[in-house]
Each structure stands twice: as C-alpha cells, then as structure tokens.
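Student: Could you take me through one part of this protein slowly, beginning with a single residue and working outward to its surroundings? I would also like to hear how far the model can be trusted.

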Amino acid sequence: MNVFQRNESKETLFTFISAGDDPPKGDFPLQKKSPKLCGSNYPLSIAFIVVNEFCERFSYYGMRAVLTLYFLSFFHWDENLSTAVYHAFSALCYFTPVIGAIMADSWLGKYKTIIYLSIVYVVGHLIKSVGAIPSLGNQAVHVVLSMVGLFLIALGTGGIKPCVSAFGGDQFEEEHTSERSKFFSIFYLSINAGSLISTFVTPVLRGDVKCFGEDCYALAFGVPAALMVLALVVFIAGSGLYRKTPPQGNVLLEVCKCIGFAIKNRLKNRSREIPKRDHWLDWASEKYSKQLIGEVKMVTRVLFLFIPLPMFWALFDQQGSRWTLQATKMNADFGIYVLQPDQMQFLNPLLILVFIPIFDLGLYPLINMCKLNFTPIRKMATGMILAGLAFGLAAVIEVKINETDMPRLVPKESLIRVLNLAKNPVQVTIQDKDLFQQPVESFQNPAEYSKLILNGEQQSLHFTLQHQGLTLAFNYTVKEKSVYSLIVFEAEGSLSSRLITDLEAKPENGLAAVRFINGLSQDVNLTIDNKRFIAVQKNYSASEYSLLERDIYNNGKCITETGEFPLELGLLDFGASYTIVITNISGGAVEMWKSEDIKANNVHMAWQLPQYLLISAGEVMFSITGLAFSYSQSPASMKSVLQAGWLLTVAVGNTFVLIVAEAAPMAQWAEFVLFTVLLFAVCIIFSIMGYFYVSVDPEDLEEKEEKRETSSRGNMIGLVTQKTKL
C-alpha cells in the first residue's frame, strides 16, 4: 500500500474502478488525446482535479472542525443536542453518496454531477456562513439558515464523493494503468493536506480572530466557503481538457433490484411442492443472469461481515464532538502556544500520515518475520480493540476533569458559602441547618460550597451573624438548584450582608469568568483589556460575570470620581470563576482581593494525545485493512456496491451516537465506558464471524457458481408465472 494513501474511513473510492482496475470501457465524446504534464504520461487535466479535491476537503473538514463548538457557544445548545446534530450531519454526509452515484451513473454522468452538486455545495456554505452572523436576525433565523446550509453541504459533499476520484481515473488512457495508480496516491495526499491544514487553521480563525464582539464563526465558515468556490472555479477551468464518459448504468441499483426480486419471488413460491434451491438468491434466476446472481452472492458474503462495523465509526467520529467538548474543559497552555480545543482534531490526519509508512514498512513486515498469522480479520479486530482502549482512556480523563467541576444539583438542593469582607472573624448560623461550624476569618479563602437542603422549590432562611459580641439577623430567600455567596461586610460602622448568585457550572469553552465587588464608598468603572467596560456601584455592590479568554490581564483601568488607576488582575485561567473585591485605593494603586470560586482546569490537554494515538492506529488497522480485504473478496464489477456498504456503516455508526446522546443522557465518563464495552462486545462478535469466514478467490467462486447453476436447472418447476423479460 502506498504510504500516501488516505484512510478510507474519511474518503473512499465509491466508483466502478479502483487504483488497479481498468476504467470503464465505452466511447469517449472527446477522442483527442489530452495534453500531458511536463512530457509525462499524466494528463494535464488531473492537476485541476487534484487542486479541486484539496480545496473541497479543506472546505469540508475546516467547517466540520468548529461545528460542535458553534452549536454549543453560538446557539447555546447543551452538549447532548450539539453532539446529536453534529452526528446527524455526519451520517447524512455518508448516506448521500448513494444519491450521487445514482445521478452520475444513471443520469448526468460524473462531470455534470460534480458541477451541479458543487453549486449546491457552495450555496450551502454561503448560507451557513450568513447564518453565523450574530446581527442577522434572531436565533430562530440562525438555526434555520444553519440547518438548511448543513443539509445542502451534506448533499453536495456526499454527492460528489463517488464521482471525483472516479472522474480522475477516467482521464488516463487504458495503457497508463501505472500512472493512474500513482494518481490515486497523489489524490489521497491532497485529501490529507486539505484535512490537516484546515483542522489546524479554521479553529484559529474562530478563536483568535474576534468579530461582532465574540468568536468569529462567520469567518471560520466563510473561509471554507471561499475554498469551495475556488474548488468549483478550478474544476470548471479544466473543462476543455477532460475526458468525459457517458452514464453507463448503476450496478448498485441492479444489485438492489436483484435482491428484491429474489425475496419477492421466494415469498410467492412457498409451496412445499416446489423444490428448494441451494441459495436464496437463486430465486432471482427467472429474471437475472447467472453471472450477476453469482457476483451478488460474493458481495453479500462480505456485506454480512460489515454488520458489526458501525460501532467502530460510532467511536471514531466522536473526535469532532465528545472529544472536542472534553478538550474545552482542559488546560490548553503548551507554553509557547495556547491550543484551541477544536484544533486537537488535526492530530488524526497527522498521525495517519506517520502511521501508514510505519505500519506498512515496519510493523507488518516484523509480524510476518515472527511467522504470526496476522490476517485482515485480526487486524480489523485489533483496530477495534485500540479504539476501545482510546475511549477507556477518555473515560479516565473525564473522571479527573470532573474533580474540578461544580457538583450537580438535584431538586430541593442549593449551594452556599460565606465571603467575610469585614475586619474580624464572623460566625454564621442558618436556622435549622448544621453548617459553618467554625468562624469565618477576615478575607479567608473560601472553602468548598456547603449543600443546603430545602423544603420546596424555594425557602426563606433565617441567617444569624455574630461579630465582636454583636448578633445580627437577616432573612434571605433561597431557590433550588442555585449557588450563592453570602458576603459579610462593614458599612457605616455596622455589620451587614448580601446574598449574591454565583455560577452554577464552569464557563464554557475554557473561558474564565470574573465579577467585581466594589468595597469603596464611590462608584467605579472598570476597563479590562481596553475592551470591556464594567460599572459597579458603591458599598459592596456586585457586578455580573464577564467571560474572558484565558490570559494575564495587567493593563486594566479603574476609573473613580478621584481619578484613573491601573488595574492588575493577574492570570485568569481556563474554566475558572473569580470574585475580585476592590478594597481600597492608596498610593495611586488599586488594592483588591481575588478568590477562585470555581477551580481552573487542571488536566492538561496533552493527556488527550494517547487516546488520539490509539484511535489513529486503530483506524489504520481497521479502515485501510477492511476495505482492502473486502475488495479482494469481490469481483471487480461489484467494488462500487462494497463502497456503498462501507460508507453506510459510517452513516449508521453516526446515527447510533445521536440516538445515545438524545435518548440515554448520562454522565460523560459513563457514556465513554458504555461505548468501550459495546465496541469490545462487537469485536468479539466480529472475531467469531471472521473465524468462520472462508476467504475465497472471486474468480474461483464464479466458476463454482456456474457449475451449481447448471446442475440446478432441473429444479425450475411449478413456479408462479412472472411477467418479466428474460
């Protein structure tokens, strides 16, 4: 296998030809020979096709890389809904190639199908980009535009998938099979390059560039849209150089019709007087040729092995959903560079480029030298095990991440803590509640939140404060599933308090949350990073939370009636929540006290590297081996049918993820464990199926089928009459 060949999990040759097959025979409308590249046997037209594929793959993978965070941050959907819609889109992208193949082979031909569906593709990208402009309409408008755009993108990318690589193969003359084989390696290299660059660059456009005051999703979708426009322009520019084959009929449709007729004919002939046939597909012999029936038998043997495969894709495609969401809860500071959570996806195409030559030139030959029978079935089973182990590691990391998260509240529960901003210790007592046993010291770093059990959806609680021999009482209403801070302070020579609401969960996407309490006797206006303007009233009033990128903020300003003073907040870390109390202004500087309400993300994003290593290695063993094996077990004319079956396993796997995300919501670590257990169980089933599978040579099987058909001709009696052309 060529070291540049792309893993077929993402791109497959859904065509009637593969790298080693002859192109379909037929009359080409363009009979003149195509110009060659630099005097070689490579047609000049393939340069346009390769550039088109690079731009299209950049467009698709770049858009998809930021899609989950777009749902989460822009639409404010929860993680389960964001995951479900992401996988619904991915599934649709792998269902629509069937439509594209039928259009190309039965109606328009490959060239026109690519042109028309690329236009649909471009329109989808443009609608998707416009839908990401915050100032354009309300959220309902954004959702409608985005869903329409995603549907058109799925139709476009899936529709042209079975056509582009096949169209490139059509450009070669029949005697140049070696050059055509190398073309597919270059073709897959362009796919890798587009995927690798886009999954690294597009998250930068989203997170590092700001527009409309927030992450620039309009730009993150707009650049892939521009690349898709360029892809279409480049492809059309080479129109005069292409060899264009006419539609020649779709084998996939014929196979489906043959299977359907066999089932229907068998159901109509259930009489015991009618002799049985050796195979259920033999019931199609009244209408279809022996050759077609024999080839369909070979294909169904392989398709049967495909039944367990969707579970692998259910895990694999969660790199863009669940794993990206996990990365948002981690520390992304790599010292010289802060990685965006959706950038971690670039590791997969990078590792694939590294692993393919290592496996093909190192690991597999070494196993052969040890005389171990590492069959394709065993390679695929090993790939499943590696993917399962990757999700096991993801579950362990998720448990460690949850240690810094806020506890989940149930009905009739809330959380509370005390911030003592007075000069002396304060004893806090809540009537009928056994909390705060020890006095709270002045400006003491707050302990963990204490749990309050209420007697309903809300409850009025009686608070007692003891301070320097004085006792004061306050009543506050507390609601269930809420988080509070009771701030105690001195005002006008007396002790007072306020109950303020805190964040109930970590800030999303690794942002930091900060709020201010103004302990001065005058109002203040705060400027952070020369952008954010926050007004806080005097006498211990609290501001709303502001969400900021993780950074060191030492260039702020505090503006009061008496002047303007520098404001140095220090590090606001990933996923943390801070309360900053302005206590005094002296010596031309602002004195303040900072407390960390919610702990920062302390699990580094580098811990995701082992799971990416495992699942990428599993992909090489599972995906490339699986498709190569299935190719070897089917006749040349049925390769497109196997490609359809292979792509549908990806679609079914994504469908399974969206069902789990919506129908059975659970803790994320538990969901990772569930997928791990399911894949291991499926691996055992697949291994058993593979153990009883007997590899065959398609040519030998064809000869056996012909002999079997000859011996069974005498069994065609007593059948229900079929009004069909023989």
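Tutor: Let us begin with L67 in this predicted model: once its neighbours within four places in sequence are set aside, L67 is in contact with Y86, F89, K128, L150 and F221. L67 also belongs to the largest nonpolar core, a group of 141 residues, and it is listed there with Y70, F71, F89 and M384 among those that have the most contacts inside the core. F89 therefore appears twice, as a contact of L67 and as another of the core's most connected residues, where a nonpolar core is a set of buried residues joined through side-chain atoms within 4.5 Å. The element that gives the most to this core is helix α14, residues 376-402, with 12 residues. The core draws at least three residues from each of domain 1 (43-249) and domain 2 (310-404 + 606-712). In general, nonpolar side chains tend to be buried together in soluble globular proteins.

Stepping further out, the domain assignment also gives a domain 3, covering residues 415-598, and the C-alpha centres of domain 1 and domain 3 lie 49 Å apart.

As for trust, the protein chain averages a pLDDT of 85, and 91% of the residues score at least 70. Among its elements, helix α11 (residues 310-316) has the highest mean pLDDT, 95, while helix α18 (residues 698-711) has the lowest, 57. Over residues 713-726 the pLDDT is below 50, although this stretch has 27 contacts in the model beyond near neighbours in sequence. Where pLDDT is low, the predicted coordinates should not be read in detail.

Methods
Residues numbered from 1 in each chain as written. Predicted model: local features only at pLDDT ≥ 70, side-chain atom pairs only at ≥ 80, totals over all residues. Heavy atoms only, no water. Domains from an automatic or database assignment. Buried < 20%, exposed > 50% of the residue type's maximum accessible area, 1.4 Å probe, protein only. Helix = DSSP H or I, 4+ residues; strand = E, 2+ residues; numbered from the N terminus. Contact = heavy atoms within 4.5 Å. pLDDT = per-residue confidence, 0-100.
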